[in-house]
Structures are given as structure tokens and as C-alpha cells.
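Colleague: I should be grateful for a close look at a single part of this model, with the strands and their pairing taken in turn. Please then set that part against the rest of the chain.

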Amino acid sequence: MLAADPELFRQSKEFGYSDRQLASMTHSTEAQVRAAREQLDLTPVYGLVDTCAAEFKAFTPYFYSTWSTERDLADLGNAPSAKKKIMILGGGPNRIGQGIEFDYCCVHACYALREAGFETVMVNSNPETVSTDYDTSDKLYFEPVTLEDVLAVYRREACDGAIVQFGGQTPLNLAKALADNGVTVIGTSPESIEQAEDREFFKQLAHKVGVRQPENGTATDYAGALAVARRIGFPVLVRPSFVLGGRAMAIVYDEASLADFIKEAFAASEGHPVLIDKFLEDAIEVDVDCISDGEIQVLGAIMEHVEKAGIHSGDSACSIPPRSLSPAVCDEIRRYTHALAKELKVIGLMNVQYAVQHDTVYILEVNPRASRTIPYVSKAIGVPLARLAALVMAGRSLKQLGFTKEVEVRHFAFKEAVLPFNRFPGCDVLLSPEMHSTGEVMGIDPDPGMAYVKSQLAAGNPLPQTGSVFLSVADHDKPDAVAMARELTGLGYTLYATRGTATALRDAGIPARAVFRISDGRPNALDLIADNDIQWIVNVPTGAKPAQDEIRMRTEAIRRGLPITTTVRGLQSAVEGIKRLRTLKRCEILSLQEYNRKTALPITL
């Protein structure tokens, strides 16, 4: 229909309608609209924002597409380059699940490839990132990271390849469509990227490698989801495919809750199946970042989460090296990771998530791309993994680069999430499988307790060294909480607790002042907060939906700026950190270079 009226077609593009929107309006496909547009030679032209305001020639102009003129201004005065061109796709707007950590990878890829003699073409639409700084890449296109806009830039620049691994899920979701339209995706193939999300292929892959999986299944409707949940048994982890930051992911404990959660998951999946896994309670979650050139696989680091499985990896604190995993478990994880990288033919970066339950290793998912932990791992081990990965994708080998073995660090590095709850009054602070954090920080020290304390200070969650602590802990976690309460009492803290928790503490010989639940009477936690009687709240809720009392308490604590700990493992790390801080009485500050001087490898970039 549009092809029959070229003027209307051009006008629709000038008005800002994308090929995808026009396809929806004309009951056709995006590919059909694009083919009709190209048949009419209807393509965008590019203007430039002169970064030097016409005072002298700009060597790195900003480009933008427009349909309002037929004259292309982007190449005026710029001689064509003889260098090979590599396009790097950014992540677009920063949002929860896809933030500045991915921009770090894009920037380091630009630096490495430019130094290696390539011309870099950056495509991103976010002016608040370093990748869109004037001196990061050779050419910068301020364009949405969509199939239509990326294809137009790739063809205009006659690029030799495109990198989709570094910008997070948004460019990764374009990989197959870009390859289908003639784009050379360098690094891990789009087929391997798709296979990693295919649940049936993933089952076969796990079986071939020999790693266990939690019982699981997929569903495309509620009836199928209910059948899977009944087969594998509650609790289950419900998660959509191809989404950012665990969006619409939830732990479901009964059939009554399943209908609500599954509806949201299907909406987020956008036509892809919803994944349903048996939830492994009391398991330790582990992240692994790995780099491969197709022949050699090297682990960046094994990261042990502080919180138990069930908290999104972007919200969970974690440590390098792992603290409670046995050497045998770590070796098993290494073996599985090497095998997975080989089977998926990874060229570049790969992230794998495991759960360890009673020393048994289970695989949760594998992502053949850069993860948000790459900046953290790179700084902790002193190796620029994103730079190395970019050069590997451009054809260099890890042997040529001098990185062929895992780094053994002599210090501890804790990553902690920065959570924005103080900006959203009334929002519950309870962590879940859906990501909430807007950034992350790192604490590094030769002592693990001090490293954790530094991470809390950096995240704006300083731990009180004196005062009173309020405890409200689910029955399931009371034995561990009692042990921590004894430690807190020994450190001189006064303990307040809800009646159930106070009874458990007193039965163990630990003095505690009992208060009512908020809905049962006064005095309660809100009174303690209002009267400044407590300086720290430890609230470990039950696994089901959070009680209204707990939400009110946590919300008020955030409003007042009180530190809150919501997991027993987080409390254990905090107590250890406070003990070390009292012993050492100071924080030693060193640069990353000083920490890594003894582990630095002779890497050739």
C-alpha cells in the first residue's frame, strides 16, 4: 500500500514513524515495509553536530539521521578511511537491568580496537554515557538501537563487522535479525546466542556437559504453566525469556499466586515462552565470567553471592574469591564453564550462573555476552576483560594477548548494589528475583571483613558500630539468626525483636526486648524508629508475599535513613566486617594498581 504512494511513504517517515510501526498499521511485516522502502530508494540521510562550533574542523562529529532533507551532510569535508570498520552497539537509555556497566564494556572495546588500527563506529542514543563522548570512537551515531536504524548505519558506513555482546540485552536481541539482513556479527555467532535462550537446547547442553539443572519446563499459556508447576513442585521460579534485569521474574510458592505472576511474565516475554524452574531453597548462587577465543577459555573470576539464591544477581552482594565454596566445588564449576564455552563456540565473553546446594552444583543459565559484572571483575583481578574480548572478536588469540590462565588474587573484593529506594517513598525494599539496583560499588581489602565494610560505606549503607538492633526473622532462619544475635550481643549491641524472634533468642540465653508486631499493638517497630531507639534493622521475611507490617516498617526505615539487612548471609558478612573494623580501627586505602601489582600479567594489547 505504501509503495503505491511514495509521497505518503516519505511523509510518514518524516513524521517519525518507524518501519515497525508502519508494518503494524498496514498489517504487514517490518521486512516487507523495509523492502518496499528500499525499492523506492527511500533511505535516511545524516547530518552532523559540529563539536567545534565551526571554529575549526571537527575530527569526531556527532551524526544523526533525518528524513527532512535529501542532502547528506555527514561526510562534508571528511575523507573516506581505508581502515576496517567495526560497529559497536550500545545499550540505549540507562534503565534498571541495563546500565552503565555495559557502557564500560563498549567504551573499552572502542579504545582497544582504535589502538589496534580499526575504525570504530559507535551507535547509541544516550548522551549521558561515556560511549557518546566526543573522543571515545572514530564515528558516533546518535540513533536508537533498533533493527531499522542499525541496518541503515551499517550499510552507510560499509562496516566490516558489528559487536552486539557489549550493550546488554537490547543489542543482543537484534543479533539474529541483523545476521539475517547481511550484517557480519563478529564474536559469538547469533545462532549460539539464540541457542543459549532455547530451553530444550539448554537441557541437552547441560546433559552433554554433565552439569545438573533444577527441574524445569516452558509454557506458552497459563494451563501449561500450571501443569509444569504441578509436575516439578512448588516453590518455582517463573521468568520470561529475553528480558532485562529479571523483569517480571518471581518466586511462586502456591497455585493461588501463580496466575498473577504468570500473567505478568507472559506480557514481558513478548511471544517467547515463559521459563519455569524448580526453586532451590537455601542454595548459594555463583556467577562466573569467562573469556574465550574459540580455542582457549580463561575464567575471569568465580563470584560467590552473599545473599542466597532467589535474589537477582544485579542486586546481590558478591565476593571474589568465593569464601565458603570448597576447592572441589570451585574446580567443578571451572570444568563446567570451560565445557560450556567450547560447546557454544564462544568468541568473546560469557557469563554463567550456578547454584550450589549442599555441595551439589546446578546450572541456572548461561549468557554468551558481557555481563554487568565485567567492570567489577576487571578491576578486582587487574585484567581489562572487555578490551581483550574486543580484540579476540577482531581476530586476535588469547595466547597472542598473553592471557591464558586464571588470575589468583591475594585480596578480597566485594561488589555491592546501590539501591534507589530512598528516591521512591512507599516502595518496599525487599530484594527479589526482579532487579532493583541502579548501580554497583566495590570494596577491596586484604581482609574479607574490611572489604565488606568498605562496600557498604561506598553503597551509602554504613553499618552502625554501636547502638541497638531490631530483629524480625522468619522461623526458617531463626537458628542462624540466633547465632548472629549472640555475636551482636557480644559486640555490645542492645537487641529488640518481635515476640516470636525474642522468644527464640531468650530460649538460647540471649537477652532481647520484645515488642509487638505493628498490627498487634504498641510499642512496635515504628515506635522504635520514631523514638530513635534503634540504629539498624534486620528483617528476614518469610518466602511468601511480604506481610503488610514488614512493608510499613522497611518503608519507614528507608525514609529515616536506617540501614536494613534482609538476609541472614548479609547479616553474617556485616557482623564479620564490624568485628574486623573494631580490631583494626582503620580502613587502609590503596589504589587498584597497588592491589594488583603482584598478580598483574604481562598482557599485550
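Modeller: Two strands are treated as paired if DSSP finds at least two bridges between them. The model is a predicted one, and the part I have chosen is an open sheet of six strands with mixed pairing. Its strands follow the order β1-β2-β5-β4-β3-β6. The edges are formed by β1 (45-49) and β6 (161-163), each of which pairs on one side only. From one strand to the next, the twist averages 30°.

Strand β3 (residues 85-89) is a convenient place to begin, as it stands between β4 and β6 in the order of the sheet. Five of its five residues are buried, the criterion being a relative accessible area under 20%. In a regular strand, side chains alternate between the two faces of the sheet. In β3, Lys85, Met87 and Leu89 lie on one side, while Ile86 and Ile88 lie on the other. Both faces are covered, and the buried set includes the lysine, Lys85.

On the side of β4, five bridges join the two strands, which run parallel. Within this pairing, leucine 89 stands opposite valine 123 of β4. Towards β6, three bridges join β3 to that edge strand, again in the parallel sense. Here the bridge partner of isoleucine 86 is glycine 161 in β6. Continuing the other way, β4 (residues 119-124) pairs with β5 (residues 139-142) over four bridges, also in parallel. Valine 121 of β4 stands opposite lysine 139 in β5.

As for the rest of the chain, the protein has 22 helices and 22 strands. Its radius of gyration is 26 Å, close to the 25 Å that the globule rule gives for 605 residues, so the chain is as compact as a globular protein of that length. The C-alpha atoms fill a box of roughly 80 × 55 × 55 Å along the principal axes, and 56% of the 605 residues count as buried.

Another open sheet provides a contrast in pairing. It has seven strands in the order β15-β14-β11-β12-β13-β16-β17, and its pairing is antiparallel. Its edge strands are β15 (360-367) and β17 (439-445), and its neighbouring strands are turned by 25° against each other on average, direction ignored. Within that sheet, β12 (residues 297-308) and β13 (residues 318-320) are joined by two bridges, with glutamate 304 partnered by serine 319 in β13.

Further along the chain, strand β21 can be read in the manner of β3. Five of the five residues of β21 (residues 536-540) are buried, so this strand is largely enclosed by the rest of the structure. Trp536, Val538 and Val540 point one way, and Ile537 and Asn539 point the other. Strand β18 (residues 468-473) runs parallel to β21 and is joined to it by five bridges, with valine 469 opposite tryptophan 536. Two bridges link β21 to β22 (residues 564-565), likewise in parallel, and isoleucine 537 stands opposite isoleucine 564 there.

Finally, some nonpolar side chains lie at the surface: Phe15, Tyr17 and Met25 form a patch with about 350 Å² of accessible area together. Of these, methionine 25 belongs to helix α2 (residues 19-25).

Definitions and conventions
Residues numbered from 1 in each chain as written. Predicted model: local features only at pLDDT ≥ 70, side-chain atom pairs only at ≥ 80, totals over all residues. Heavy atoms only, no water. Axes fitted to C-alpha atoms, helices over the stretch in contact; angles between N-to-C directions. Patch = residues over 30% accessible without salt bridge, like charges linked within 9 Å, V, L, I, M, F, W, Y side chains within 5 Å. Areas by Shrake-Rupley, 256 points an atom, 1.4 Å probe, with all protein chains shown as cover. Salt bridge = Lys/Arg side-chain N within 4 Å of Asp/Glu carboxyl O. Buried < 20%, exposed > 50% of the residue type's maximum accessible area, 1.4 Å probe, protein only. Rg over C-alpha atoms; globule rule 2.2 N^0.38 Å.
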